[in-house]
Amino acid sequence: MSLIARPSVPNDGVAWVTGASSGIGLALTRRLVSQGWRVAVTARRAEALAALAAESPGQIAVFAADVSNTEAMAAAANAIETQFGPIALAVLNAGVYLPVDSRRPDPALFRQTFEVNLMGVANALAPLVPAMLARGQGQVLIVSSATGFGGMPTAAAYGASKAALINMAETLRIELDPLGIRVQVATPGFVETPAQDDNGFPKPFMISPDRAARYMTDGMASKAVEISFPRRFTWMLKVLYALPKRVYIPMVRKQTGWDGPNPDWPK
Ligand SMILES: NC(=O)c1ccc[n+]([C@@H]2O[C@H](COP(=O)([O-])OP(=O)(O)OC[C@H]3O[C@@H](n4cnc5c(N)ncnc54)[C@H](OP(=O)(O)O)[C@@H]3O)[C@@H](O)[C@H]2O)c1
């Protein structure tokens with residue numbers, strides 16, 4: 001499937017990266033700046049964003065906000081448009097991984113995960129899409145995860161939120177692409193960031209945030225609908241997910257060490 005809407009370029013306006021205070025969002029911001037973009041950055045930790053902005057004076061502007069707060073995100077988008085420039089490219093990347101012990105499913109973990117990972121994207125889209133439509137052009141990258149392809153241990157909340165984002169991005173692409181807004185979804189494998197610190201299972205093909213940022217900017221410049229990386233790993237996963245579930249589930253248990261009582265879980 002090819003896209004009709006063209007990718008945005010720095011002459012179109014500014015970029016907006018959410019979750020830019022660490023990990024992938026931070027590396028991506030630096031890379032976008034190196035490609036000539038002026039970047040508005042959002043996260044809760046204003047000091048971390050200020051330190052990033054200090055690396056490239058005039059090129060990075062801080063608009064701290066909690067993505068789960070609808071009003072704060074509307075205010076942030078409005079402030080970016082009026083104080084910094086029209087948002088031509090948005091990378092909706094802020095996210096949390098909150099492991100769920102399926103023996104004690106805690107609704108609070110599901111709620112928090114969905115408030116940040118899913119509603120965080122919806123809260124950004126609400127002010128963003130009308131502004132882009134008014135200009136007839138824009139580009140949005142939604143950062144999901146390869147975990148969104150299918151079930152994985154500890155990811156009952158995280159994986160569900162990321163699967164929802166893949167589905168959401170497809171709908172947005174169907175509807176917005178003919179109107180000039182290119183919507184893409186990123187489905188990374190393992191990236192070495194603070195989010196991986198308490199993830200207690202093997203992390204094959206783990207890549208650096210810089211490498212992830214490179215895959216993402218290359219993908220955004222291409223016609224790719226889904227930006228999936230590192231490719232060898234994510235394609236292996238896709239093959240695995242395509243198997244009958246009665247084969248897939250024992251295979252995942254075995255590969256992740258989930259084929260017996262897991263010592264990492266609280267008793
Ligand atoms: N690392 C991986 O292996 C991997 C794999 C696939 C997908 N991903 C996805 O990639 C994205 C970035 O993750 P990462 O690995 O770079 O993690 P990270 O280093 O923990 O960064 C997460 C970012 O999200 C921000 N954030 C979290 N909650 C927020 C909130 N309520 N409001 C505003 N910002 C919030 C954090 O900033 P503050 O704490 O300052 O608010 C931080 O900047 C996430 O969506 C994650 O699910 C990561």
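**Entry 1: the sheet, from one edge inward**

I began with strand E6, residues 181-188, and found that four bridges join E6 to E7, the two strands running parallel. Within this pair I looked up alanine 186, whose bridge partner in E7 is isoleucine 227. I note here that I am working from a predicted model.

I then looked up the helices around these strands. Helix H7, residues 209-221, packs on the sheet and touches strand E4 (87-92), strand E5 (138-143), E6 and E7, and its direction makes about 155 degrees with that of E7. Helix H8, residues 231-242, also packs on the sheet, where I find that H8 touches E6 and E7, with a direction that makes about 105 degrees with that of E7.

Stepping back to the whole sheet, I recorded an open sheet of seven strands in the order E3-E2-E1-E4-E5-E6-E7, with parallel pairing. Strand E3 (60-62) and strand E7 (226-229) stand at the edges and have a single partner strand each, so one side of each is left without a neighbour in the sheet. The twist that I noted from one strand to the next averages 20 degrees.

**Entry 2: the ligand**

I next turned to the ligand and noted that 30 residues surround it, the closest being Ser22, Arg44, Tyr158, Thr193 and Gln196. When I sorted the residues of this shell by character, they divided into 15 nonpolar, 11 polar and four charged.

For polar contacts, I looked at three residues that each approach an oxygen atom of the ligand. Serine 21 does so with a polar side-chain atom, at 2.8 Å, whereas valine 191 places a backbone N or O atom 2.7 Å from a ligand oxygen, and glycine 95 has a backbone N or O atom at 3.4 Å from one. I also looked up how much of the ligand is covered: taken alone it exposes 870 Å², and the protein buries 94% of that. The elements that give two or more residues to the shell are helix H1 (23-34) and helix H6 (158-176).

**Entry 3: backbone geometry in two loops**

Finally, I checked the backbone, keeping in mind that most residues other than glycine have a negative phi and that most peptide bonds are trans. The peptide bond from phenylalanine 229 to proline 230 is cis, with omega near -15 degrees, and I located proline 230 in the loop between E7 and H8. Threonine 154, which lies in the loop between E5 and H6, has a positive phi, near 70 degrees, although this residue is not glycine.

Methods: Residues numbered from 1 in each chain as written. Predicted model: local features only at pLDDT ≥ 70, side-chain atom pairs only at ≥ 80, totals over all residues. Heavy atoms only, no water. Pairing = 2+ DSSP bridges. Axes fitted to C-alpha atoms, helices over the stretch in contact; angles between N-to-C directions. Contact = heavy atoms within 4.5 Å. Near = heavy atom within 4 Å. Polar contact = N/O pair within 3.5 Å; in protein donor to acceptor, adjacent residues only side chain to side chain. Areas by Shrake-Rupley, 256 points an atom, 1.4 Å probe, with all protein chains shown as cover. Nonpolar A, V, L, I, M, F, W, Y, C, P; charged D, E, K, R; others polar.
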